[in-house]
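Please read these points beside the coordinates. They concern helix geometry, one helix pair and two backbone outliers.

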Amino acid sequence: MKPLARYASLANYVDLARSLGVDPFGMLRSVGLDPGGISLQDRWIPAEAVVELLEATAAQAQRDDIGLRLAELRRLSHLGPLSLVLREESSMRNALTLLIRHERMYNEALHTSLSEADGVATVRIEIDLGVPAPDRQSIDLGVGVLYSLMRELSPATWRPLSVSFTHSPPVDQAMATRMFSGLARYDRDFDGVTFHASDLDTRIGASDPQLLEYTRRMLADTSAENAPTVAKRTRQLVEMLLPTGRCSVDQVARSLGVDRRTVHRRLSAEGTTFSAVVDDTRAALAGHLVAGRRYSLTEIASILGFASPSNFSRWFRARFDCTPREWRAARSDGT
């Protein structure tokens with residue numbers, strides 16, 4: 001099964017395309033994506049289509065830095081509920097570990113790794129679509145977003161050793177020079193960011209105004225027209241927290257800036273409970289992850305926060321009236 005990505009990976013694409021004189025909706029249709037779905041950030045779409053879209057847009061705009069331009073528009077707050085959890089991490093090491101752990105929840109084609117050797121730390125990014133395909137713009141987007149997030153989480157004085165790309169330099173290097181402060185290096189053997197390993201234990205600074213504004217929006221009056229419900233916000237946080245082993249009502253309440261009684265009260269007002277939200281979130285993720293073959297059932301049990309594969313199997317049977325293996329086999333057969 002080919003890897004999927006969420007529409008959230010295309011945040012700000014419409015505005016960027018228009019600014020470059022490109023019809024964003026026409027481009028979306030050209031790669032088989034529904035323009036009407038781009039506002040549904042949680043919707044799954046083929047990762048291959050996202051990669052193809054960015055390459056096609058670069059060709060149409062005659063700019064080979066579309067990925068970097070899109071990355072420049074991203075902020076920590078664009079990660080949604082994950083930004084609230086990252087803000088609570090004590091160090092860059094913990095924040096990067098959390099980002100890497102959650103990448104599969106947003107883009108199954110993105111693979112990020114962290115390594116240390118001789119006092120140097122390296123975060124590498126790879127795009128794996130299962131088939132060869134041009135991915136320069138997606139690599140630029142991934143590396144650019146990673147670099148920007150690290151800068152936001154680090155002290156103002158933080159400076160990496162280099163930002164590496166396997167591809168050749170862009171025709172116009174002004175964008176890359178501005179974004180990476182002259183640290184971009186090309187024709188290297190990996191794509192990613194290299195920095196002093198000691199930076200991994202740097203404490204994360206205070207939250208920025210954008211994150212505080214995001215928190216205020218999350219806590220807005222739920223009776224307002226079109227305002228997301230507390231259940232939906234809780235579900236988003238649960239999805240982020242499940243693989244960390246810290247998915248509790250206390251953790252969710254901390255991330256929302258309220259106490260646990262407030263979370264229980266607001267969920268009750270919407271006719272649900274914290275346990276029900278966790279169970280429903282697990283079910284939605286389980287159905288998707290088990291149907292694919294990218295992760296083993298043991299890995300999926302861990303992603304969903306189960307203590308063991310056997311606990312996961314028992315829960316799955318109770319929820320879906322079949323075992324995970326039976327579910328996967330049925331989807332593989334197209335039934």
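The points below take the helices, then the loops.

1. This is a predicted model, in which local features need pLDDT of at least 70 and side-chain atom pairs count only at pLDDT 80 or more, while totals for chains, interfaces and linings use all residues. Residues are numbered from 1 along each chain as its sequence is written, and side-chain values use heavy atoms, without hydrogens and water.

2. Helix α15 covers residues 309-320, and its end C-alpha atoms lie 16 Å apart, in agreement with the 16 Å expected for 12 residues at 1.5 Å a residue (1.5 Å times one less than the number of residues; helices are DSSP runs of H or I, at least four residues, and strands of E, at least two, numbered from the N terminus).

3. In α15, F312, W315 and F316 are buried (under 20% relative accessible area; exposed is over 50%, partly exposed in between, 1.4 Å probe, protein chains only). These buried residues fall within an arc of 100° seen down the axis, so they line one face of the helix (the arc is taken from directions from the helix axis to the C-beta atoms). The face turned away from them carries exposed R314 and A318.

4. M92, A95, L96 and L99 in α6 meet L146, L149, M150 and L153 in α7 (contact: heavy atoms within 4.5 Å).

5. Two residues that are not glycine have a positive phi of about 55°: Q62 and D118. Q62 is in the loop between α3 and α4 and is exposed at 72% relative accessibility. D118 is in the loop between β3 and β4 and is exposed at 82%.
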